[in-house]
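Take a walk through this structure, from the overall fold down to single residues. Keep the sequence beside you as you read.

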Amino acid sequence: MSQELRVVIVDDEDLARMLLREYCTQLGGIEILAECPNGFEAVKAVAEHKPDAVFLDVQMPKLDGFEVLRRVRAHSQVPVVMLTAKGTDNDRVVGLELGADDYLAKPFNPRELVARVKSVLRRATPERREAQGERIVHG
């Protein structure tokens, strides 16, 4: 990657967050801005850090990933990749309808995750980047 990808990881399982952290370290070019063990911290971290992408688990107590996504979408168009053991067709459709940019069932290949995030970022429009506070100026 020519520029480091800045991400927020959201998963209530310590092991899952640790594995994602290791994947990001091994693959390089990824800066982890925050690791959130619950949905409340996730909503706060996304608003505070303005990441390039969010890796979001669905199954979490109190505030599940779908509700986190709803709340994030109320103020941000940051690319969100749902990472979850809930891989049924209905779960994927709900996630995508709520505004997820991609949906990847666990277990997944870490290189595929990075490739999917890069693909989402390539499709991000200038308006979407500007909504995140990034402005592209030419001339």
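Six helices and five strands make up the secondary structure of the chain. The model is a predicted one. Follow the sequence from its start, and the elements come in the order β-α-β-α-β-α-β-α-β-α-α.

Next comes the chain as a whole. It has 139 residues, and 42% of them count as buried. Look at the contacts between residues at least 6 apart in sequence: 66% of these join residues at least 24 apart. The surface can be described too. The chain exposes about 7800 Å². Carbon and sulfur atoms supply 49% of that area.

Now turn to a pocket. The second largest pocket holds about 170 Å³ of space. Which residues line the second largest pocket? Early in the numbering come Asp11, Glu13, Leu15, Ala16, Leu19, Leu20 and Tyr23. Leu83, Lys106, Pro107 and Phe108 complete the lining. Helix H1, residues 14-27, gives the largest share, with five residues. By class, eight of the lining residues are nonpolar and three are charged. No polar residue takes part.

Two of these lining residues, Tyr23 and Phe108, deserve a second look. How many aromatic pairs does a search of the whole structure find? The search finds one. Tyr23 and Phe108 form this pair, and their arrangement is edge-to-face. The ring centres lie 6.1 Å apart, with 75 degrees between the planes. That angle counts as edge-to-face because it is over 60 degrees. The pair links distant parts of the chain, as its two residues are 85 apart. Tyr23 sits in helix H1. Phe108 sits in the loop between strand S5 (102-105) and helix H5 (110-123).

Are the two partners buried or exposed? Tyr23 has 22% relative accessibility, so it counts as partly exposed. Phe108 is buried, with a relative accessible area of 16%. The cut-off explains the split, because buried means under 20%.

Finish at another site, Val43. This residue lies in helix H2, which covers residues 39-49. Val43 is buried, because its relative accessible area of 17% is under 20%. What does Val43 touch, leaving aside its neighbours within four places in sequence? Val43 is in contact with Leu63, Val68, Arg71 and His75. Take His75 from that list: His75 and Val43 are 32 residues apart along the chain. Their C-alpha atoms are separated by 9.9 Å.

Conventions: Residues numbered from 1 in each chain as written. Predicted model: local features only at pLDDT ≥ 70, side-chain atom pairs only at ≥ 80, totals over all residues. Heavy atoms only, no water. Helix = DSSP H or I, 4+ residues; strand = E, 2+ residues; numbered from the N terminus. Buried < 20%, exposed > 50% of the residue type's maximum accessible area, 1.4 Å probe, protein only. Contact = heavy atoms within 4.5 Å. Areas by Shrake-Rupley, 256 points an atom, 1.4 Å probe, with all protein chains shown as cover. 1 Å grid on protein atoms, 1.4 Å probe; cavity = no way out; pocket = protein on both sides within 12 Å on 5 of 7 lines; lining within 4 Å. Points joined across faces, edges and corners; volume = space filled by probe spheres on them. Nonpolar A, V, L, I, M, F, W, Y, C, P; charged D, E, K, R; others polar. Phe/Tyr/Trp six-rings, centres within 6.5 Å; stacked < 30°, edge-to-face > 60°.
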